[in-house]
Amino acid sequence: MPRTEHLNTITLAELNAEAGLLTRMDRKYLVPPDDVQDIIDILAPRAQVLQIDGLRNFQYASTYFDTSALDAFFLAAYKRRRRYKIRTRTYLDSNLCFLEVKTNGSREATVKDRLKYSPDDADRITDEGKEFIVERLVESETCALEEARDIAEALVPVMDSTYQRTTLHLPNDNARATFDKALTWELFNSDGVRTDRRVLIDKRMVVETKNPSTASPTDRLLWGRGHRPTRLSKYATGMAVLHESLPTNRWHRTINRDLGRYQYDAPTRRGL
């Protein structure tokens, strides 16, 4: 993980109070680890690193849910305006879990709503979770009530992702940046059971900038070093890598160039 011992720290409560950014503009980059360390070192005088119980790097796990027809995937693949993403997010170091519904707001801004969830339910949608999903899909005008209910009833786990994250806060810029290492995707079968098909991204780190609107200093540093935002959805790109039958057109360049060489634990047609 990146070295951050030379950065000032911020607590989770302080970070949430100062930069919740649940409505935000996101940009993602795939960056070699050495370049990531250089970026962090340059940002150090103006940045704070999230620290919880003495830890500055954290283990994350997400389970993504979709219908049997993979409606959420295809909405992303064809960039429909009223698309959605539904997942549980588990913070493994603290055993906290949330059900999250992400929708698209105005001007392509991402809106994320979350519900406190039991870690034991991370791979399933509870009745309370279904009600929350229906409410968020309707209130965000993603779909009408009956369609939202149909979606909530049809959801099954389709993919897991895990990674290690370092989070920086740039207080003077009202911005955040996250740095994810060892992104791993793992596929579920049609019955909602994990399979042995997974892939590890170990030659690139996922850098994500989270800003209210304009570009942050992190963006400008990355641009200055030749890194441009990448089409990367931890859900949709992972599914396109793992599934032999799904279209990769929106993420063709990401998969075949930007991800670098990646490792499969089970053979698939795109193994390198």
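This report describes aromatic pairs, strand and helix packing, a buried methionine and some backbone angles in a predicted model.

**Aromatic rings**

The structure contains seven aromatic pairs. One of them joins Phe73 and Phe74, whose rings meet edge-to-face with 5.2 Å between the centres and 85 degrees between the planes. The two partners can be described by their accessibility as well: Phe73 is buried, at a relative accessible area of 0%, whereas Phe74 is partly exposed, at 27% relative accessibility. Another pair is formed by Tyr91 and Phe98, which counts as edge-to-face because the planes stand at 85 degrees, with the ring centres 6.1 Å apart. Tyr91 and Phe98 are both buried, and ring pairs link these two residues with Tyr60 and Tyr163 into a cluster.

Which charged residues sit over rings of Tyr60 and Tyr163? The charged end of Arg165 is placed over the ring of Tyr60, at 5.0 Å from the ring centre, while Lys234 lies over the face of Tyr163, at 4.6 Å from the centre of that ring.

**Strands S9 and S10**

Strand S9, which covers residues 175-188, runs antiparallel to strand S10, which covers residues 194-201, and five bridges join the two. Within this pairing, Glu186 has Arg198 in S10 as its bridge partner. The hairpin made by S9 and S10 has five residues between the strands, and in this hairpin Gly192 adopts a positive phi near 80 degrees.

**Helices H4 and H5**

Two packed helices are described by the angle between their axes and the distance between the axes. For helix H4 (residues 127-139) and helix H5 (residues 145-154), the axes come within 9 Å and cross at roughly 145 degrees, and the crossing is right-handed. On the H4 side, the residues that meet H5 are Lys130, Ile133, Val134, Leu137 and Val138, and on the H5 side their counterparts are Leu145, Ala148, Arg149, Ile151, Ala152 and Glu153.

**Met239 and helix H6**

Met239 belongs to helix H7, residues 236-242. With a relative accessible area of 0%, Met239 is buried, because the cut-off for that class is under 20%. When neighbours within four places in sequence are left aside, Met239 is in contact with Leu70, Phe73, Val158, Met159, Leu187 and Leu246. Among these residues, Leu70 is 169 residues away from Met239 along the chain, yet the C-alpha atoms of the two are separated by 9.9 Å.

In helix H6, which spans residues 217-224, the buried residues are Pro217, Thr218, Asp219 and Leu222. Just after H6 comes Gly226, with a positive phi of about 85 degrees.

**Positive phi outside glycine**

Most residues other than glycine have a negative phi. The table sets out two residues with a positive value, together with their loops and accessibility.

| Residue | Phi | Loop between | Relative accessibility |
|---|---|---|---|
| Asp53 | near 50 degrees | S3 (48-50) and S4 (58-66) | 75%, exposed |
| Asn174 | about 50 degrees | S8 (156-170) and S9 | 34%, partly exposed |

Asp53 is exposed because its relative accessibility of 75% is over the 50% cut-off, whereas Asn174, at 34%, counts as partly exposed. The loop that holds Asn174 leads from strand S8 to S9, and S9 is the strand that is joined to S10 by five bridges.

Notes: Residues are numbered from 1 along each chain as its sequence is written. This is a predicted model: local features need pLDDT of at least 70, side-chain atom pairs count only at pLDDT 80 or more; totals for chains, interfaces and linings use all residues. Side-chain values use heavy atoms; hydrogens and water are left out. Rings of Phe, Tyr and Trp (its six-membered ring) pair if their centres lie within 6.5 Å; planes under 30 degrees apart count as stacked, over 60 as edge-to-face and the rest as tilted. Buried means under 20% relative accessible area, exposed over 50%, partly exposed in between (1.4 Å probe, protein chains only). A charge sits over a ring if NZ of Lys or CZ of Arg is within 6 Å of the ring centre and within 35 degrees of the ring normal. Two strands pair if DSSP finds at least two bridges between them. Helices (H or I, at least four residues) and strands (E, at least two) are DSSP runs, numbered from the N terminus. Axes are lines fitted to C-alpha atoms, for helices over the stretch in contact, and angles run from 0 to 180 degrees between N-to-C directions. A crossing is left-handed if the near helix is turned anticlockwise from the far one by less than a right angle, and right-handed if clockwise. Contact means heavy atoms within 4.5 Å.
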